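Here's a friendly walk through a structure you may be meeting for the first time. Have the sequence and the 3D view handy, and follow along.

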Amino acid sequence: MGFRTALSKGLLRMSEVKQELKAQVELFRELTGHLPPHMDGHQHIHVLPEVRHVFAEVLEEYGIKYTRVPIEPGLHNCDWIPPSLMDFYLGVEEDSFNTVDVFTRHGIRWPDIYIGLSTMGKNMSVSNIWSAIDTAIVEFTSKAPLPTHLAPQSRTVTIELMVHPGYPSVPPLGGCGEGPDDFSQSWERLHELQTLIKPELQSHYKTRNIQLCSFKDL
């Protein structure tokens, strides 16, 4: 949030943002021996005005093909999301819509569907995940109908499910720069982990012919 505030006040230099992005890519390569197949910004800052341009330039320069565009189908109908959080999500959505052309011009790709805002933390359950997937697929297929010569089952759709599985952080460890935030310290990360490994969810994936993969598999 401090980054967003600084940007709105005109306190950020995009040359420094670009320098930081490149430094993080280089450190990743130093630690792993390869470039990341995917890159995005914490709390979706990569789709913010101005930032989106230098972010896209860095990805194109390094040949990183995939990112995240957090536009979640059905989000507006999620009445369990608190109004203050929904306002933030809708701001992210607007920034994302304004980012699509920028990323496209730089040859950057992203999955067909993004899900994760409506199923985050305490709102994650097997039924909520499936409801989000079903809603998203219906909306996606209605906007991108199959050619008449293709059977419905022949269409492969890629979906990113944003998750935060893990264990509660204990200050001062964890977090991004200033220690762990409230979410990082809460039980909600463990709740996500326990939900994602439920046999019931794995069975649903298999029944629906959903194959789990990483960005490097796309």
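Let's begin with Asp 134, which counts as partly exposed because its relative accessibility is 32%, between the 20% and 50% limits. Keep in mind that this is a predicted model. Asp 134 has a partner: Arg 208 forms a salt bridge with it, and the closest N and O atoms are 3.0 Å apart. This pair ties together distant parts of the chain, with Asp 134 sitting in helix 6 (residues 126-143) and Arg 208 in the segment after helix 9 (199-207), 74 residues apart. Arg 208 is partly exposed too, at a relative accessible area of 37%.

## More salt bridges

How many salt bridges does the structure hold? There are 10 of them. Some share partners, and in that way Asp 40, Arg 68 and Glu 160 are joined into one network.

Here are three of the pairs, with the distance between their closest N and O atoms and the relative accessible area of each residue.

| Pair | Closest N and O atoms | Accessible area, Arg | Accessible area, acidic partner |
|---|---|---|---|
| Arg 13 and Glu 16 | 3.7 Å | Arg 13, 58% | Glu 16, 44% |
| Arg 29 and Glu 26 | 3.1 Å | Arg 29, 33% | Glu 26, 33% |
| Arg 208 and Asp 134 | 3.0 Å | Arg 208, 37% | Asp 134, 32% |

Take the Arg 29 pair for a moment. Arg 29 and Glu 26 both belong to helix 2 (residues 14-32), where they are three residues apart, or about one turn of the helix. As for Arg 13, it is exposed, while its partner Glu 16 is partly exposed.

## The nonpolar cores

Now for the inside. The largest nonpolar core is made of 20 residues, and Leu 21, Met 39 and Phe 103 are the ones with the most contacts inside it. Which elements give two or more residues to this core? They are helix 2, helix 3 and helix 5. Helix 3 supplies the largest share, seven residues.

You can trace some of this packing from Leu 21. Setting aside residues up to four places away in sequence, Leu 21 touches Met 39, Val 54, Phe 55 and Val 58. There is also a second, separate core of 13 residues, and among its members are Ile 113, Ile 115, Trp 130 and Ala 132.

## A look at helix 4

Helix 4 (residues 83-97) is a nice one for checking a length by hand. With 15 residues at 1.5 Å a residue, helix 4 should span 21 Å, and its end C-alpha atoms are indeed 21 Å apart, so the two values agree.

Which residues of helix 4 are buried? They are Met 86, Tyr 89, Val 92, Glu 93, Asp 95 and Ser 96. The buried residues of this helix pack against helix 1 (2-8), helix 3 (51-62) and helix 5 (100-105).

## Loops with something to show

Most residues other than glycine have a negative phi, and most peptide bonds are trans. With that in mind, a few spots deserve a look.

Two of them are in the loop between helix 2 and helix 3, which is where Gln 43 is found and where Glu 50 lies as well. Gln 43 is not a glycine, yet it has a positive phi of about 55°. Glu 50, also not a glycine, has a positive phi of about 70°. Both are partly exposed: Gln 43 has a relative accessible area of 31%, and Glu 50 has one of 42%.

Another spot is in the loop between strand 2 and helix 7, home to Pro 172. Is the peptide bond from Pro 171 to Pro 172 cis or trans? It is cis, with omega near 5°.

Ser 169 has its place in the loop between strand 2 (159-161) and helix 7 (182-185). Ser 169 is buried because its relative accessible area, 17%, is under 20%. Leaving out neighbours within four places in sequence, Ser 169 is in contact with Gly 174, Pro 180, Ser 184, Gln 185 and Arg 189.

## Last stop: the cysteines

How many disulfides does the structure hold? The count is zero. Cys 78 is buried, at 8% relative accessibility, whereas Cys 213 is partly exposed, at 45%.

Notes: Residues are numbered from 1 along each chain as its sequence is written. This is a predicted model: local features need pLDDT of at least 70, side-chain atom pairs count only at pLDDT 80 or more; totals for chains, interfaces and linings use all residues. Side-chain values use heavy atoms; hydrogens and water are left out. Helices (H or I, at least four residues) and strands (E, at least two) are DSSP runs, numbered from the N terminus. The expected span of a helix is 1.5 Å times one less than its number of residues. Buried means under 20% relative accessible area, exposed over 50%, partly exposed in between (1.4 Å probe, protein chains only). Contact means heavy atoms within 4.5 Å. A disulfide is a pair of cysteine sulfur atoms within 2.5 Å. A salt bridge is a side-chain nitrogen of Lys or Arg within 4 Å of a carboxyl oxygen of Asp or Glu. A nonpolar core is a set of buried Ala, Val, Leu, Ile, Met, Phe, Trp, Tyr and Cys residues joined through side-chain atoms within 4.5 Å.
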